[in-house]
Amino acid sequence: MNSLKLNYDQIASQYNQRYPASQTWERGQALLELAGQTNAKTILEVGSGTGFWLNLLNQTGAAMYGLDYSMGMLQQAKGQPAPLHLSRGLGTQLPYRSATFDLLYCVDAIHHFGDHRAFILEAYRLLKPGGALAIIGHDPHEGSSNWYAYDYFDTVYDTDLRRYPSGNSVLTWMEQAGFHSITSQVVEHIQNVHVGEAILNDPFLKHNATSQLALLDEQTYEAGLERIKQALSAAKESGEQILFRSDIHVKMFLGYKPRSIYSA
Ligand SMILES: C[S@@+](CC[C@H](N)C(=O)[O-])C[C@H]1O[C@@H](n2cnc3c(N)ncnc32)[C@H](O)[C@@H]1O
């Protein structure tokens with residue numbers, strides 16, 4: 001393992017492979033519902049990557065803003081059909097005026113921001129009164145998710161525990177920042193089973209498909225692949241079927257900025 005920082009510029013051009021056109025995403029539906037419910041006219045995604053979710057939410061008619069640290073990802077986002085206001089910056093120092101957005105969210109990104117709490121404080125500052133913050137992603141601390149890569153690749157699970165804030169911490173920080181009506185719910189349950197050799201065609205097994213595997217150096221990645229191949233051979237020899245499961249609960253942590261200081 002090199003460091004906990006991944007250079008998204010290097011994987012930007014292949015990143016959208018994770019979003020095949022044939023798939024619908026329940027977390028996208030959850031965001032659309034939230035945008036409707038908050039009657040959002042201005043929306044910001046922090047860690048907006050290639051702009052996939054911003055493009056989806058553009059159908060709400062809101063003005064769409066995205067911020068990301070990676071120039072490569074921002075470059076990809078420029079190619080989205082939706083008109084997006086894109087900026088380069090850090091999730092912990094957001095370059096916008098206070099009380100600008102009705103909805104501010106991040107998807108699969110808070111674990112990259114380093115100081116997770118600083119992001120939540122910035123989100124609070126940027127939301128208009130009554131605006132909503134939604135933090136979407138999985139919580140490896142909870143133990144309800146299962147991903148075969150955690151079993152076959154060294155250091156991946158431990159690194160995730162270090163990178164991801166626990167759901168409980170996120171809820172506490174939101175409360176301390178001043179959010180109210182805070183909830184967490186599973187908005188998407190990813191369940192994939194690859195039977196036997198089919199695992200070798202899983203797009204998420206590629207070295208650069210997820211930040212978890214992309215953080216591994218070549219040697220550690222290859223050692224994990226080799227372990228999978230050995231398990232396949234052992235299963236073949238004993239005539240057994242081997243299953244590789246991805247069973248991941250994607251959560252949304254949601255809170256609202258009070259409409260007035262008296263309504264919290
Ligand atoms: C897993 S991608 C998620 C992209 C997008 N939200 C999605 O769901 O497709 C994480 C994104 O966070 C961005 N990122 C990493 N560190 C960041 C930081 N400190 N501030 C802002 N963005 C950051 C990366 O460049 C990358 O685009």
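A crossing of two helices is right-handed if the near helix is turned clockwise from the far one by less than a right angle. Keep that in mind for a pair of helices below. The model shown here is predicted.

Start with the whole chain. Ten helices and eight strands make it up. Its radius of gyration is 19 Å, and the globule rule gives 18 Å for 264 residues. The two values are close, so the chain is as compact as a globular protein of that length. Along the principal axes, the C-alpha atoms fill a box of roughly 70 × 35 × 35 Å.

Now turn to two helices. Helix α5 spans residues 116-126, and helix α8 spans residues 167-177. Their axes come within 9 Å and cross at roughly 40°. Angles from 35 to 65 degrees are neither roughly parallel nor roughly perpendicular, and α5 and α8 are therefore oblique to each other. The crossing of α5 past α8 is right-handed. On the α5 side, H116, R117, I120, L121 and Y124 make the contact. On the α8 side, W173, M174 and A177 do so. Six residues of this contact are nonpolar, one is polar and one is charged.

Last comes the ligand. A shell of 18 residues surrounds the ligand. The closest are Y8, G47, G49, S70 and H112. By type, the shell holds nine nonpolar, seven polar and two charged residues.

Notes:
Residues numbered from 1 in each chain as written. Predicted model: local features only at pLDDT ≥ 70, side-chain atom pairs only at ≥ 80, totals over all residues. Near = placed C-beta within 6 Å. Nonpolar A, V, L, I, M, F, W, Y, C, P; charged D, E, K, R; others polar. Axes fitted to C-alpha atoms, helices over the stretch in contact; angles between N-to-C directions. Helix = DSSP H or I, 4+ residues; strand = E, 2+ residues; numbered from the N terminus. Parallel < 35°, antiparallel > 145°, perpendicular 65-115°, else oblique. Contact = placed C-beta atoms within 7 Å. Rg over C-alpha atoms; globule rule 2.2 N^0.38 Å.
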